[in-house]
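User: I want to learn how to read strand pairing and burial in a model. Can you take me through it step by step?
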Amino acid sequence: MIDPESLKNIPTPSYVIDEKKLIKNLEILDGVQKLSGCKILLAQKAFSMFYFYSLIGKYLKGATASGLFEAKLGYEKMGGETHIFSPAYPESEFDEISEICGYIIFNSFEQLNKFKDKIKNTRNQIGLRVNPEYSETEREIYDPCAKNSRLGVKLNKVLENQESLKYIDGLHFHTMCEQNSDVLWRTVKIFDEKFGEFIKNYKNIKWVNFGGGHHITREDYDFETLFKSIKFIKDKYNAEIYLEPGEAVALNAGVLVSSVLDIFDGGEKSEIPSVILDASAACHMPDVLEMPYRPEIYGAGKPGVKKYNYRLGGNTCLAGDIIGDYSFDYELKAGDKIILGDMAHYTMVKNNTFNGVNLPSVIVLKQNGEVKIIKQFGYEDFKNRLS
């Protein structure tokens with residue numbers, strides 16, 4: 001846990017990334033690679049702070065991207081293997097994608113057949129995303145196997161297009177979100193039942209990508225079942241196995257530090273005073289509203305646990321820009337700092353400037369305790385996005 005004293009003089013709002021914790025996560029992931037023989041990639045969609053890419057590249061095998069810009073970032077700043085998956089590739093971008101991505105994963109046979117001739121004589125590996133039609137993800141917005149999903153081909157489509165499998169070097173599935181390895185084991189068994197025969201019959205298929213959503217670096221993670229899942233497919237088909245976690249790389253490796261701007265009391269019928277922060281759920285941590293979830297705050301408890309109760313919200317006009325209800329041992333006042341936990345992943349990559357709210361600074365807490373400001377934003381950053 002970051003020492004709040006080390007953050008008392010930093011500008012707010014700021015994302016602060018704990019280098020020591022990030023390295024600890026990377027060491028765990030590298031241990032998985034060494035013990036299981038799999039390869040792990042950084043999913044940049046969750047964490048794209050390229051300041052750390054040279055460090056991450058010392059532990060992981062490369063990066064995976066969801067589009068051209070992420071692919072270029074991983075290719076330029078990290079090196080190693082560069083993988084890409086997109087629901088569909090714009091034709092205007094594909095030549096550049098094929099130049100920098102060693103692994104290109106298609107979402108449909110139509111996309112595969114459209115582009116296969118462009119890359120069949122190159123070094124590129126071609127993958128196909130499949131939908132096992134099995135998921136334990138509770139929120140439909142994050143469920144790639146939800147009804148009418150646009151992600152991954154189902155078994156019936158593979159059966160109808162077996163001739164195209166001769167162009168495929170690997171299969172990819174992604175069905176998980178913040179889950180433990182028991183879910184992966186059940187998913188792998190179903191994946192094998194539906195698609196294992198194709199790996200067996202088409203010798204050109206030599207790798208399987210288990211996608212992301214693996215919460216490998218959380219405290220209660222079950223490594224034994226992860227290793228069993230990897231070994232099952234690896235040994236049965238002599239296949240190379242990839243994992244592409246994003247959140248697990250940066251889990252609990254950063255905080256968002258904010259300052260209290262005002263304590264708002266709406267009048268006699270207000271049940272709880274509102275704290276207006278210079279950090280916004282809508283702008284700086286969108287998953288708080290999208291998931292939704294209630295972030296942990298250093299020194300705070302659930303409502304009623306401590307003496308003073310508050311509703312924390314952002315400084316935008318959105319009525320629902322609410323972070324959550326909390327209690328504190330002391331009465332809050334303007335200027336107090338609030339530290340929100342686990343804010344390294346899906347924050348910088350999703351933030352926005354709605355209402356003209358400025359973006360948080362990006363700061364690193366180095367292993368030696370030094371606080372280093374990496375990036376600060378201003379009006380020009382806001383203006384230049386708009387026209």
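User: Which residue in β16 does V364 stand opposite?

Analyst: In this predicted model, V364 stands opposite K372 of β16. The strands are β15 and β16 (residues 371-375), which pair in the antiparallel sense over four bridges.

User: What links the two strands of that hairpin?

Analyst: Five residues lie between β15 and β16. In this hairpin, G369 takes a positive phi near 95°.

User: In which sense do β1 and β15 pair, parallel or antiparallel?

Analyst: Parallel, over five bridges, with β1 spanning residues 14-18. One register point to check on screen: D18 has L365 of β15 as its bridge partner.

User: Is β15 buried or exposed?

Analyst: Start from the cut-off: a residue is buried when its relative accessible area is under 20%. Five of the five residues of β15 (residues 361-365) are buried, so the strand is largely enclosed by the rest of the structure. Now look at the two faces. S361, I363 and L365 point one way, V362 and V364 the other, and all are buried.

User: Let's try a side chain. Where is H284, and what does its side chain reach?

Analyst: H284 is in helix α10 (residues 281-284). Its side chain reaches the backbone oxygen of N358 at 2.9 Å. H284 is buried, with a relative accessible area of 0%.

User: Which residues does H284 touch?

Analyst: Leaving out residues up to four places away in sequence, the contacts of H284 include P13, Y15, L256, D278 and T347. Also among them are V357, N358, L359 and P360.

Technical notes: Residues are numbered from 1 along each chain as its sequence is written. This is a predicted model: local features need pLDDT of at least 70, side-chain atom pairs count only at pLDDT 80 or more; totals for chains, interfaces and linings use all residues. Side-chain values use heavy atoms; hydrogens and water are left out. Buried means under 20% relative accessible area, exposed over 50%, partly exposed in between (1.4 Å probe, protein chains only). Two strands pair if DSSP finds at least two bridges between them. A polar contact is a pair of N or O atoms within 3.5 Å; within protein, one must be able to donate a hydrogen and the other to accept it, and residues adjacent in sequence count only if both atoms are side-chain atoms. Contact means heavy atoms within 4.5 Å.
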